[in-house]
Amino acid sequence: MRTAYSVETVRAAERELMARLPEGALMQRAAAGLAAACADVLGRVYGSRVVLLVGSGDNGGDALYAGARLARRGAGVRAVLLAPGRAHAGGLAALRRAGGSVMAAGGAEACVEQADLVVDGIVGIGGKGGLREEAVPLAEAARRGRGVVVAVDLPSGVDADTGEARGAAVRADVTVTFGAYKPGLLIDPAREYAGVVRFVDIGLETPGARTPEVEALQHADVARLLPAPAAESDKYRRGVVGVAAGSARYPGAAVLAVGGALRGGAGAVRYVGPAGGAVLARHPETLVSERGPARAGRVQAWVVGPGAGDDAATVGEVLAADVPVLIDADGLRLAGVEAVRARGARRVPTLMTPHAGEAAALLGVEREEVESGRLAAVRELAGRYGAAVLLKGSTTLVAEAGGGGAVRVNPTGTPWLATAGSGDVLSGLGGSLLAAGLSAVDAGSAAAYLHGLAGRFAAEGAPVSAEDVAGRIPEAWRSVVRG
């Protein structure tokens, strides 16, 4: 599992480690890792042209010391100083001793464009807001140029704690981060600016003892969560999920949600709604009822909302059930805050799965506000409703009820999932995992992970439909279990 920590936590861990090390040793470790990563990117160091964009903090010091190492290997290294009087003195001296040169920021754009490698050491992880005015032309030149852009710890101009990008920022091809991942490296929009993230271990031990801000599950983590049938399993032990979805206008939503649930390992699926004929035509193993959720038969979890239109009565009936419930699509609009919070008071798990537009409507803000501040939005929703929330999008986030603790971020998402109906498939898949006994956060996290992998597999034969994604869920499941 990748764990990301706040700037405050990382700074505290660095102080604790520096108190045990000789002065400057921690920066040298970071610089050595940065230089090694830059050398890998260059392939051939000798004779290459390297430009360092150097700000006034330790981030610039890391870049200068790494540049000195590259210069000693035969690279032509030039440092562009954005704050000449405040550049790291030791790093600057080391660069000059190694044969590197220095220039002021004004008029350096041509030099940046011609470099084989540009190292972004403008602002460290404590920076807030976008780039300052004098740095913007250099960031733009780096993007226009032919060289690879490597960011030191975090692309300058993005927020390490929130993943927000308020203003201009450096767009890196590679980000070399030290000691611990930062939330902004895993959450969009900042994640887009980071490129490929390379982690350098500098010996920070204490972050692991603290609660992370963000967690990103990997194959082994998801494999441990996924239920596997045992010799004594029957359909009830595997989990029966109820699906209350679809309408005369949107029967396909019911078909897709049921398909996601069946392929997600449910022992059985009970369907309630007006699309029973369409569901049985595609999935004859489904147990269809016309008697409403309360009289549909035994279930261990419900999925409600996909394509439901204005059927508030069904949504209310499902919310009154004392089993886990996943609320999606129209169900989110029809489920009142107090009804959802009442489930939390009864200690019955609830998982809400909005996309950015739905989340914005629930929060009473513009969609752009949710998309630019995804971490804050998912925490606020989870706190307001007292429910776990899965915020769908380019980086899907899952927050526990109340909004505290670490937020899960899904690393398997793909733009190919931006197709009508894929969210219905995700709902069914998540519901099947709830019925199998997973917690709301674990069910949401595992479902998002498998859904993303299925989307990637389906994209091999692009274009992609929601039915393609549903069909590839078993393949994604096997991939995870086999590691």
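This report describes the sheets, a helix packing and several local backbone features of a predicted model.

## The mixed sheet

One open sheet is formed by 11 strands, and its pairing is mixed. The strands follow the order β1-β9-β18-β17-β16-β15-β14-β13-β10-β11-β12. At its edges stand β1 (2–4) and β12 (287–289), each of which pairs on one side only. From one strand to the next, the twist averages 20°.

Within this order, β13 and β14 are neighbours. Strand β13 covers residues 301–304 and strand β14 covers residues 325–327; the two pair in the parallel sense over 3 bridges. Trp302 stands opposite Val325, a residue of β14.

## The parallel sheet

A further open sheet contains 7 strands in the order β4-β3-β2-β5-β6-β7-β8, with parallel pairing. Its edge strands are β4 (101–104) and β8, and each of them pairs on one side only. The twist in this sheet averages 20° from one strand to the next. As general background, strands of a sheet pair through backbone hydrogen bonds, either parallel or antiparallel.

Strand β5 (residues 117–121) runs parallel to β6, and 4 bridges join the two strands. Asp120 stands opposite Ala151 in β6.

## Helices α18 and α19

Two packed helices are described by the angle between their axes and the distance between the axes. Helix α18 spans residues 422–435 and helix α19 spans residues 440–458; they pack at an angle of about 135°, and their axes are 8 Å apart. Because this angle falls neither over 145 degrees nor in the range 65 to 115, α18 and α19 are oblique to each other. The crossing in which α18 passes α19 is right-handed.

On the α18 side, the contact is made by Ser422, Val425, Leu426, Leu429, Gly430, Leu433 and Leu434. On the α19 side, Ala440, Ala443, Ala446, Ala447, Ala448, Leu450 and His451 take part. By class, this contact has 11 nonpolar and 3 polar residues, and no charged residues.

Helix α18 also has a relation to strands of the mixed sheet. It lies across β10 (240–244), β13, β14 and β16 (388–391), and runs at about 165° to β13.

## The loop between β7 and α7

The structure holds 1 aromatic pair. The rings of Tyr181 and Phe199 have their centres 5.1 Å apart and their planes at 20°, so the pair is stacked. Tyr181 belongs to the loop between β7 (174–178) and α7 (190–194), whereas Phe199 belongs to strand β8 (residues 196–200). The two residues are 18 residues apart, and their pair links distant parts of the chain.

The loop between β7 and α7 also holds Pro189. The peptide bond from Asp188 to Pro189 is cis, with omega near 10°.

## Other backbone features

Most residues other than glycine have a negative phi, and most peptide bonds are trans. Asp153 has a positive phi of about 75° although it is not a glycine. Asp153 is placed in the loop between β6 (148–152) and β7.

A cis peptide bond also leads from Ala462 to Pro463, with omega near 10°. Pro463 lies in the loop between α19 and α20 (466–471).

Note on methods: Residues are numbered from 1 along each chain as its sequence is written. This is a predicted model: local features need pLDDT of at least 70, side-chain atom pairs count only at pLDDT 80 or more; totals for chains, interfaces and linings use all residues. Side-chain values use heavy atoms; hydrogens and water are left out. Axes are lines fitted to C-alpha atoms, for helices over the stretch in contact, and angles run from 0 to 180 degrees between N-to-C directions. Angles under 35 degrees count as roughly parallel, over 145 as roughly antiparallel, 65 to 115 as roughly perpendicular and the rest as oblique. A crossing is left-handed if the near helix is turned anticlockwise from the far one by less than a right angle, and right-handed if clockwise. Contact means heavy atoms within 4.5 Å. Ala, Val, Leu, Ile, Met, Phe, Trp, Tyr, Cys and Pro count as nonpolar, Asp, Glu, Lys and Arg as charged, and the others, Gly among them, as polar. Two strands pair if DSSP finds at least two bridges between them. Rings of Phe, Tyr and Trp (its six-membered ring) pair if their centres lie within 6.5 Å; planes under 30 degrees apart count as stacked, over 60 as edge-to-face and the rest as tilted.
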